[in-house]
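Please look over the structure below. This report covers its fold, its cores, its charge pairs and a few backbone details.

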There are 2 protein chains.
Amino acid sequence: LQFFHQIYLFTVSFHSGFCYVYHRRYSTPLLPANFAGTPPDMIEELQFTYRPIGILRSPYARRIDAPHQSTVVEGTETGAFATATLELADWLDEKVLQDLAGFDRLWLIFAFHMSEGWKSTVKPPRGGPKRGVLATRSPHRPNSIGLSAVELVKIEGRTLHLRGVDLLDGTPVLDIKPYVPYADAFPESKAGWIDELDAKLGRYFAPGPRKPR
Amino acid sequence: LQFFHQIYLFTVSFHSGFCYVYHRRYSTPLLPANFAGTPPDMIEELQFTYRPIGILRSPYARRIDAPHQSTVVEGTETGAFATATLELADWLDEKVLQDLAGFDRLWLIFAFHMSEGWKSTVKPPRGGPKRGVLATRSPHRPNSIGLSAVELVKIEGRTLHLRGVDLLDGTPVLDIKPYVPYADAFPESKAGWIDELDAKLGRYFAPGPRKPR
């Protein structure tokens with residue numbers, strides 16, 4: 001056991017006529033903590049695996065329906081707020097949600113599960129030339145992880161009621177963090193090409209959302 | 001091939017007398033996009049795997065040396081800013097960094113790679129009773145993913161020079177996103193138990209950082 005960096009446990013299950021193979025990964029700390037002296041190709045092969053802490057339910061069934069950033073969701077055609085729910089996955093104790101109720105906003109870190117592949121540069125929806133993918137919030141990125149500050153409306157048992165959500169129905173959520181202004185809010189932070197483009201276009205936020213379905 | 005939800009490719013390599021087994025995962029879209037109708041136990045087994053886009057180099061060798069939030073790093077004992085570098089991993093084209101230079105701040109999404117296990121409630125370093133882990137920014141969480149807004153000083157080729165970094169040396173970075181105030185900055189957002197505790201203690205931010213080593 002101690003000779004392997006990663007141990008895999010496989011589970012095979014059958015459902016709806018299909019065969020599914022699952023795995024869990026166990027790691028042993030063979031590499032030095034800061035990876036110093038580790039050959040680059042071994043660092044390249046490092047992987048981190050996460051299980052959803054819940055699946056989000058939202059009114060956006062398709063990519064084209066979803067607004068491009070959560071904070072512009074108020075501007076739906078009907079003027080209504082899009083609401084979403086997130087139910088805690090069974091593998092988590094309800095206690096993990098304790099003390100969360102007092103926060104106005106939460107960070108959702110999630111998997112862009114509908115993203116298929118990515119390119120080094122992308123053409124942003126607000127217009128202009130192609131940009132380096134890491135200088136955008138595109139879902140089609142090297143690791144298709146998403147980040148969204150959403151409003152917390154209330155918590156009922158294991159269910160979070162959220163507002164201002166720009167995520168697709170079925171989005172697997174990997175982590176929730178409280179939004180803490182001293183660590184997270186920098187209203188004066190310059191935003192490079194986005195600032196330039198918005199100044200040129202006379203706009204100051206992302207392209208408007210579509211009507212929720 | 002089409003009967004398996006996930007396909008694994010294994011690689012075995014030998015280094016320094018140890019045997020390492022790596023894998024890459026390929027997924028086929030067998031589950032419905034929003035997972036509607038999928039039995040809960042299958043959703044529970046969903047996993048998402050990410051490769052580091054780079055390994056962070058910082059002055060913090062041990063957990064006890066690192067400050068608790070990136071924005072308090074200015075308050076080091078010497079008054080100096082802690083600087084860090086992030087070099088893009090070899091599997092990525094330098095173009096992914098294009099257009100990033102104009103941003104004051106970046107989000108780093110990273111693996112808390114030194115975290116070992118987690119509990120549903122944790123005792124925060126600022127004091128007070130135990131809190132639900134998802135209502136804290138503790139590294140010891142169900143999915144040990146970290147989020148930090150850091151200052152971008154400059155980009156030289158494939159290397160990002162960063163400031164205000166609270167991450168340990170060797171931290172595997174999974175994603176970089178530009179900090180965009182309209183989507184990310186909510187300075188008036190209420191922060192529940194953290195606000196309460198800070199008001200009681202007459203403080204308005206996290207415990208101070210240790211001196212970088």
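A salt bridge here is a side-chain nitrogen of Lys or Arg within 4 Å of a carboxyl oxygen of Asp or Glu. Keep in mind that this is a predicted model.

**Salt bridges**

Glu151(A) and Arg163(A) meet that cut-off, because their closest N and O atoms are 3.4 Å apart and the limit is 4 Å. The pair links distant parts of the chain. Glu151(A) sits in strand 9 of chain A and Arg163(A) in strand 10 of chain A, 12 residues apart. Glu151(A) counts as buried because its relative accessibility is 19%, and buried means under 20%. Arg163(A) has 28% relative accessibility, so it counts as partly exposed.

How many salt bridges does the structure hold over all chains? The total is 16. Side chains of opposite charge can pair when their charged atoms come close. Three of these pairs are set out here.

| Pair | Closest N to O distance |
|---|---|
| Glu151(A) and Arg163(A) | 3.4 Å |
| Asp169(A) and Arg57(A) | 3.5 Å |
| Arg141(A) and Asp175(B) | 2.8 Å |

Take Asp169(A) and Arg57(A), whose side chains meet at 3.5 Å, N to O. Asp169(A) lies in the loop between strand 10 (159–163) and strand 11 (172–178) of chain A, and Arg57(A) lies in strand 4 (residues 54–57) of chain A, so the pair ties together parts that are 112 residues apart in sequence. Asp169(A) counts as buried, at 16% relative accessibility. Arg57(A), at 29%, counts as partly exposed.

What does the pair of Arg141(A) and Asp175(B) join? Arg141(A) is in the loop between strand 8 (131–132) and strand 9 of chain A, while Asp175(B) is in strand 11 (residues 172–178) of chain B, so the pair joins two chains. Arg141(A) and Asp175(B) are both buried. Salt bridges with shared partners also bring in Lys177(B): Arg141(A), Asp175(B) and Lys177(B) form one network.

**Fold of chain A**

Chain A has three helices and 11 strands. From the N terminus, the order of elements is β-β-α-β-β-β-β-β-β-β-β-β-α-α. Chain A has 213 residues, and 55% of them count as buried.

**Nonpolar cores**

In soluble globular proteins, nonpolar side chains tend to be buried together. Which residues have the most contacts inside the largest nonpolar core? They are Tyr50(A), Trp107(A), Leu147(A), Tyr50(B), Trp107(B), Leu147(B) and Leu174(B). This core has 36 residues. Several elements each supply at least two residues of it. From chain A these are helix 1 (40–44), strand 3 (48–50), strand 6 (105–111) and strand 9 (145–156). From chain B they are helix 1 (40–44), strand 3 (48–50), strand 6 (105–111) and strand 9 (145–156). Another core, of 33 residues, lies apart from it. Its members include Leu56(A), Val165(A), Val173(A) and Tyr182(A).

Leu174(A) is found in strand 11 of chain A. Is Leu174(A) buried or exposed? Leu174(A) counts as buried, at 0% relative accessibility. Leu174(A) and Met114(A) are 60 residues apart in sequence, and their C-alpha atoms are 15 Å apart in space.

**Loops and backbone**

Asp99(A) is not a glycine, although its phi is positive, at about 70°. Asp99(A) lies in the loop between strand 5 (83–88) and strand 6 of chain A. At 28% relative accessibility, Asp99(A) is partly exposed. In chain B, Asp99(B) has a positive phi near 70° and is a residue other than glycine. Asp99(B) is in the loop between strand 5 (83–88) and strand 6 of chain B. The relative accessible area of Asp99(B) is 28%, so it counts as partly exposed.

Pro142(B) lies in the loop between strand 8 and strand 9 of chain B. Pro142(B) is buried, with a relative accessible area of 12%. Its C-alpha atom is separated by 11 Å from that of Thr121(B), 21 residues apart along the chain.

**Surface charge**

Which residues gather in a patch of positive charge on the surface? They are Lys95(A), Lys119(B), Lys123(B) and Lys130(B). Lys130(B) has its place in the loop between strand 7 (121–122) and strand 8 (131–132) of chain B.

Conventions. Residues are numbered from 1 along each chain as its sequence is written. Chains are lettered from A and ligands numbered from 1 in the order in which they are written. This is a predicted model: local features need pLDDT of at least 70, side-chain atom pairs count only at pLDDT 80 or more; totals for chains, interfaces and linings use all residues. Side-chain values use heavy atoms; hydrogens and water are left out. Patches are made of residues with over 30% relative accessible area and no salt bridge: like charges are joined within 9 Å, nonpolar side chains (Val, Leu, Ile, Met, Phe, Trp, Tyr) within 5 Å. Accessible areas come from the Shrake-Rupley method with a 1.4 Å probe; for residues, only the protein chains shown count as cover. Lys and Arg count as positive and Asp and Glu as negative; His and the chain ends are not counted. The place of a charge is taken as NZ of Lys, CZ of Arg, CG of Asp or CD of Glu. Helices (H or I, at least four residues) and strands (E, at least two) are DSSP runs, numbered from the N terminus. A nonpolar core is a set of buried Ala, Val, Leu, Ile, Met, Phe, Trp, Tyr and Cys residues joined through side-chain atoms within 4.5 Å. Buried means under 20% relative accessible area, exposed over 50%, partly exposed in between (1.4 Å probe, protein chains only).
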